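Reader: I have a model open here and would like to go through it with you. Could you take me through the parts one at a time?

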Number of protein chains: 2
Amino acid sequence: MIGKQMNANTKIDKDDRVQFSITELAEEFGVTSRTIRFYEDKGLVNPERDGTTRIYSRKDRGRLKIILRGRRLGFSLQDIKKMLDMYSPKGEPTGQLTFTLQKCEEQLEKLIAQRTDINEAIAELEDGIAQLREHLASSDSAADGCKKTIA
Amino acid sequence: MIGKQMNANTKIDKDDRVQFSITELAEEFGVTSRTIRFYEDKGLVNPERDGTTRIYSRKDRGRLKIILRGRRLGFSLQDIKKMLDMYSPKGEPTGQLTFTLQKCEEQLEKLIAQRTDINEAIAELEDGIAQLREHLASSDSAADGCKKTIA
DNA sequence: GTTGACGTTTACGTAAACGTCAACTATATT
DNA sequence: AATATAGTTGACGTTTACGTAAACGTCAAC
């Protein structure tokens, strides 16, 4: 088990590739190429060019992966950019790490707060739904002129 | 215990009022008056006018309350408008009720899904934070600048 | 030699829910 | 009368994360 994969049809594993087109990455990550170009606009990736065509390295691909994960975790593109930016300078990655750590902790708190809000909203909604069901049941049995004034 | 309240300084309880100014309501609900006017733009409230001055009835106040609660529960203004719109037509409130009920159930599902996402993100973040801490710890012990436990 | 697929850049559009600012009016107080 | 206070309208600004259209280049295939 030295190589990652090597089946009969000489299918090249993506992890063995060195270059990627924008559409390849877009498909792989389930975003549109427009999105990837947008990230470039925002300075999150800087692929090489063959003329005008973008050529993405494995590193670029890695950055994209990080970006997308960041988005999933609810970070803003700006924050992600900072995390990414502070990463490349050689030497002490401590600055970047503490920054990222801090952002993570902030985000964690935000998410926990959000969860609390959502839980409250869910409880309220479940309550409301139950009441609505009651009203519906009674107004079904009652006749026309029965408006309960909920407002 | 007939009236709601009646203390010495004859302070009029808000629930006894019949009219409200925009700023009163804005303060009461913790929004700006611009926000309330915005809701009017969107057709969510339609206060009477004394000339050009808006005069809000208790009903309007009730609608505002509903709007704000709707927002807290994550409904769009559009949805809230529909719920509100379908209320006023006299007769069978069944249509409105079922609509609202449906929207509530939809929203409930959305919120539950969101909570799931958030929970996953939280788990991932907690994981990441732990790892970051490890990295920091090891790079701290290696280098000179030994600032152990981060703020 | 044309078709089609894919690429490029530039720039404006969208959605939500307001905020901000300017200019104006109306009423009340000094 | 002049100022203060509260209200009005309209238009444009803000934020985030893209979408969409225009107008064009390039390259291989048929």
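Author: Gladly; keep in mind that this is a predicted model. One place to begin is chain B, where strand β3(B), residues 53-57, runs antiparallel to β1(B) and is joined to it by two bridges.

Reader: Which residue of β3(B) is the bridge partner of Q19(B)?

Author: That partner is S57(B), which lies in β3(B).

Reader: And in what order do the strands of that sheet come?

Author: The sheet in chain B is open and has three strands, in the order β1-β3-β2, with antiparallel pairing. Because β1 (19-20) and β2 (48-50) of chain B each have a single partner strand, they stand at the edges, and one side of each is left without a neighbour in the sheet.

Reader: Which helix packs on the sheet?

Author: Helix α3 of chain B, residues 58-72, packs on it and touches both β1 and β3 of chain B, while the direction of the helix makes about 80° with that of β3(B).

Reader: Switching to the DNA: which residues are closest to strand C?

Author: Of the 16 residues that surround DNA strand C, the closest are T23(A), T52(A), R54(A), T35(B) and L77(B). At least two residues of the surface near this strand come from each of α1 (22-29) and β3 (53-57) of chain A, and likewise from each of α2 (33-41) and α4 (77-85) of chain B. The largest share, three residues, is supplied by α2(B).

Reader: What's the make-up of that surface by class?

Author: Ten of the residues near DNA strand C are polar, three are nonpolar and three are charged.

Reader: Now the two chains: how many residues does each put into the contact?

Author: Chain A gives 32 residues and chain B gives 36 residues. On the side of chain A that touches chain B, the largest share, 26 residues, comes from helix α5 of chain A, residues 94-141. That side of chain A comprises 15 nonpolar, ten polar and seven charged residues.

Reader: How are the copies related?

Author: A turn of 179° with a shift of 0.0 Å along the axis lays chain A on chain B with an RMSD of 0.2 Å, and the two copies are thus related as by a two-fold rotation axis. In chain A, the C-alpha nearest the axis belongs to R115(A), at 3.1 Å from it.

Reader: Where in chain A is the pLDDT below 50?

Author: The mean pLDDT of chain A is 80, and 75% of its residues reach 70 or more. Over residues 1-12 of chain A, however, the pLDDT is below 50, as it is over residues 143-151 of chain A. Where pLDDT is low, the predicted coordinates should not be read in detail.

Methods:
Residues numbered from 1 in each chain as written. Chains lettered and ligands numbered in written order. Predicted model: local features only at pLDDT ≥ 70, side-chain atom pairs only at ≥ 80, totals over all residues. Pairing = 2+ DSSP bridges. Helix = DSSP H or I, 4+ residues; strand = E, 2+ residues; numbered from the N terminus. Contact = placed C-beta atoms within 7 Å. Axes fitted to C-alpha atoms, helices over the stretch in contact; angles between N-to-C directions. Near = placed C-beta within 6 Å. Nonpolar A, V, L, I, M, F, W, Y, C, P; charged D, E, K, R; others polar. pLDDT = per-residue confidence, 0-100. Least-squares fit on C-alpha atoms with pLDDT ≥ 70 in both.
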